[in-house]
Amino acid sequence: MAWGPMPVEATDDAFWDQFWADTATSVQDVFALVPAAEIRAVREESPSNLATLCYKAVEKLVQGAESGCHSEKEKQIVLNCSRLLTRVLPCIFEDPDWRGFFWSTVPGAGRGGGEDDDENARPLAESLLLAIADLLFCPDFTVQSHRRSTVDSAEDIHSLDSCEYIWEAGVGFAHSPQPSYIHDMNRMELLKLLLTCFSEAMYLPPAADCGNTNPWVQFFCSTENRHALPLFTSLLNTVCAYDPVGYGIPYNHLLFSDYREPLVEEAAQVLIVTLDHDSTTSASPTVDGTTTGTAMDDADPPGPENLFVNYLSRIHREEDFQFILKGIARLLSNPLLQTYLPNSTKKIQFHQELLVLFWKLCDFNKKFLFFVLKSSDVLDILVPILYFLNDARADQSRVGLMHIGVFILLLLSGERNFGVRLNKPYSVRVPMDIPVFTGTHADLLIVVFHKIITSGHQRLQPLFDCLLTIVVNVSPYLKSLSMVAANKLLHLLEAFSTTWFLFSAAQNHHLVFFLLEVFNNIIQYQFDGNSNLVYAIIRKRSVFHQLANLPTDPPAIHKALQRRRRAPEPLSRTGSQEGASMEGSRPAVPAEPGTLKTSLVATPGIDKLTEKSQVSEDGTLRSLEPAPQQSSAEGSPATEEPSQAWREQRRPSSASASGQWSPTSEWVLSWKSKLPLQTIMRLLQVLVPQVEKICIDKGLTDESEILRFLQHGTLVGLLPVPHPILIRKYQANSGTAMWFRTYMWGVIYLRNVDPPVWYDTDVKLFEIQRV
């Protein structure tokens, strides 16, 4: 492409047309032909030429949108301009001096082209976004024409009601258009350009407040875009209606290349970026909701300015919820189907985008969250998440996936129904690298969490609090734990209550408090069906006695920390009877050396992530959030939960070695006195003598007899008064909003390799690291 340092007049059509007149190019060709270095050189040496190129390319898209792209030549020009802008935009975003360029008006670019028209000229960015929106509903280019007759009576693009051209049946639209490979490809190219416009966010460093809205997203999702509703619906329906298995024929995907998948991926990515919205900051009233038809709920007060967030929060029909949930569950389960007939179905790769979408749905639409938990369909989301968590636990490059999976389960665990649903027997045998067990979905969750804690990598330690909080939240509702799961919980208590672990970091004792809370909830509220857990507690009673008699004198503390230096691994697998793993499962493996990953901002501590509520007699929740500045000496141990500083302190090595923090007698006493051991000690006091008597009388070594005795035993009237149930519910906060932003853009950055839209540019939102 002939550049040259001399400015070229904008009117020199012969020169500029060479950039988009070529017929046989693909977006990959454009990336190969125009290296980033060349764009940067033009940016530095002849900025006016780069400015003119962008302006002319946008002008061509606007003309295409105006005319309706009837000829093949016009379609080709629109696609080429779209590819060229996809190539150039990242190089413009990386230079702070150029960032305002698209938001400035171009002289003479007014609506009528006359000189006096400049006042109402639009910024280039707005013209570009509106043209993309129009082109996404352009008959015979990106949607099917509804007219049978010849070109001269073609639909007028300005009077066209794009709600009649929604891409796929589903929410608010019943008609499923005939699939068209060409339309899908054209939509995909335009969505790639749209995503590139939105990607300016990648070139700004992460901000603490997450308040800065993305001007591209803000404009595109505003009432200025007359296609906002049909486009939102098209994207959502395209994702949720996609079935990669393809009409139920195994190996079908090897015969027919699936052109839908790239579109679905692109749609999912555009959708989650438009929904990047910090719900903690916005409550601004906007549109009256009159245009939204019946799929959206008009009864609610007007929602946020961002129409995509607004529409998402107002979906309310049961059949729409069912369609969305079934679609997401089907796609999330897709990688699990793989394992029965190897390669028989197409394996999708965009599960991280789907998890972000599911999170946004639950976070912005409480009616959807309640719908998900209303039936056991929630388990169709739970099982794939546990599969991903277990599979990624050893892989440093998938820390983000681990976090989002855990965040979703934390959000769900704040609702009583989730705990109740977990009692459903687990019969689907998805091959997973975990011990074989017979039991419920609750057992599956506990066994997987145990595996993550004992055999995940170091960087998962910040998640331990979240994992145990989830178990605490569901524990009052668990009717009957299997022996395998009961043993896993006691193994965790054993590992976390060793003196060197308790004394080596300021926050480690919280893990013991969480586990004791789990045992207390089950003993007080679900004693009858949980003889396995009671038996496991009796067998491991020495752990509870050691906790009650925890040494607090300085020499003992010193000695415990000395022992730590000789035992580097905080959690061994010894003492946990690891049964054989499930048949057909592959072990979780670390990332290949050299795998690229993107950095993530730190997540808030569990005290910032959640809000404590007490369950009343009638099952309603009452918030227990302490007034700010309350002294942590009073109240339950849970009120002094991890602070932001815990990240460094959790790692046993860094605490005392760096001299930041070392345990004192006063510190140990301050929390030892609050260990909630009364209920368990009372249980041991009553049951241990009885169990020992059975063993002596019958000369028993067989546990089935003891379990039978425990099943029929009762502790009514012997235990302390039941404590109120405490639930820690996820609460929206700007810390997680920022985490989601960096995670989401990191996923999009790494997944767009063909062409590599952002790879060779200077992004600031995250760092690119090699494992």
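Me: Why is the pairing of arginine 40 with glutamate 94 called a salt bridge?

Reply: In this predicted model, the closest N and O atoms of arginine 40 and glutamate 94 are 2.5 Å apart. The cut-off is a Lys or Arg side-chain nitrogen within 4 Å of a carboxyl oxygen of Asp or Glu, so the pair qualifies. By this rule the count comes to 33 salt bridges.

Me: What does the pair of arginine 40 and glutamate 94 tie together?

Reply: Arginine 40 sits in helix α3 (residues 36–45) and glutamate 94 in the loop between α5 and α6 (124–135), so the bridge ties together parts that are 54 residues apart in sequence.

Me: What makes arginine 40 partly exposed?

Reply: Its relative accessible area is 24%. Buried means under 20% and exposed means over 50%, so arginine 40 falls in between.

Me: And glutamate 94, buried or exposed?

Reply: Glutamate 94 has a relative accessible area of 10%. That is under 20%, so glutamate 94 counts as buried.

Me: Which salt bridge does glutamate 94 make with arginine 43, and how do you know that it counts?

Reply: The two side chains meet at 3.1 Å, N to O. That is within 4 Å, so this one is a salt bridge as well. Here the loop between α5 and α6 (glutamate 94) is linked to helix α3 (arginine 43), with the two positions 51 residues apart in sequence. Both glutamate 94 and arginine 43 are buried.

Me: What makes arginine 541 and glutamate 692 a salt bridge?

Reply: Their closest N and O atoms are 3.6 Å apart, and the limit is 4 Å, so the pair passes. Arginine 541 belongs to helix α25 (residues 541–548) and glutamate 692 to helix α31 (residues 678–698), 151 residues apart, so distant parts of the chain are linked. As for accessibility, arginine 541 is at 28% and glutamate 692 at 40%. Each is called partly exposed because the value lies between 20% and 50%.

Me: Which residues are joined into one network by salt bridges that share partners?

Reply: Arg40, Arg43, Glu44, Glu94 and Asp95.

Me: Over to tyrosine 477: why is it called buried?

Reply: Tyrosine 477 has a relative accessible area of 10%, and the cut-off is under 20%, so buried is the right word. This tyrosine lies in the loop between α20 and α21 (483–496). Its contacts, leaving out residues up to four places away in sequence, include Arg416, Asn423, Gln526, Val615 and Ile727. Val420 is another of them; tyrosine 477 and valine 420 are 57 residues apart in sequence, yet 5.6 Å apart from C-alpha to C-alpha.

Me: Which residues have the most contacts inside the largest nonpolar core?

Reply: Phe102, Leu409 and Trp745, in a core of 240 residues. Helix α5 (residues 72–93) gives the most to this core, with 11 residues. Phenylalanine 102 touches Leu85, Leu89 and Ile92, among others, and also Trp216.

Me: How confident is the predictor, and where is confidence lowest?

Reply: The protein chain averages a pLDDT of 83, and 82% of the residues score at least 70. Confidence is lowest in helix α28 (residues 646–650), at a mean of 37, and highest in helix α20 (residues 464–474), at 97. There are also stretches where pLDDT stays under 50: residues 149–153, with 2 contacts beyond four places in sequence, and residues 572–576, with 10 such contacts.

Conventions. Residues are numbered from 1 along each chain as its sequence is written. This is a predicted model: local features need pLDDT of at least 70, side-chain atom pairs count only at pLDDT 80 or more; totals for chains, interfaces and linings use all residues. Side-chain values use heavy atoms; hydrogens and water are left out. pLDDT is the predictor's confidence in each residue, from 0 to 100. Helices (H or I, at least four residues) and strands (E, at least two) are DSSP runs, numbered from the N terminus. Contact means heavy atoms within 4.5 Å. A nonpolar core is a set of buried Ala, Val, Leu, Ile, Met, Phe, Trp, Tyr and Cys residues joined through side-chain atoms within 4.5 Å. Buried means under 20% relative accessible area, exposed over 50%, partly exposed in between (1.4 Å probe, protein chains only).
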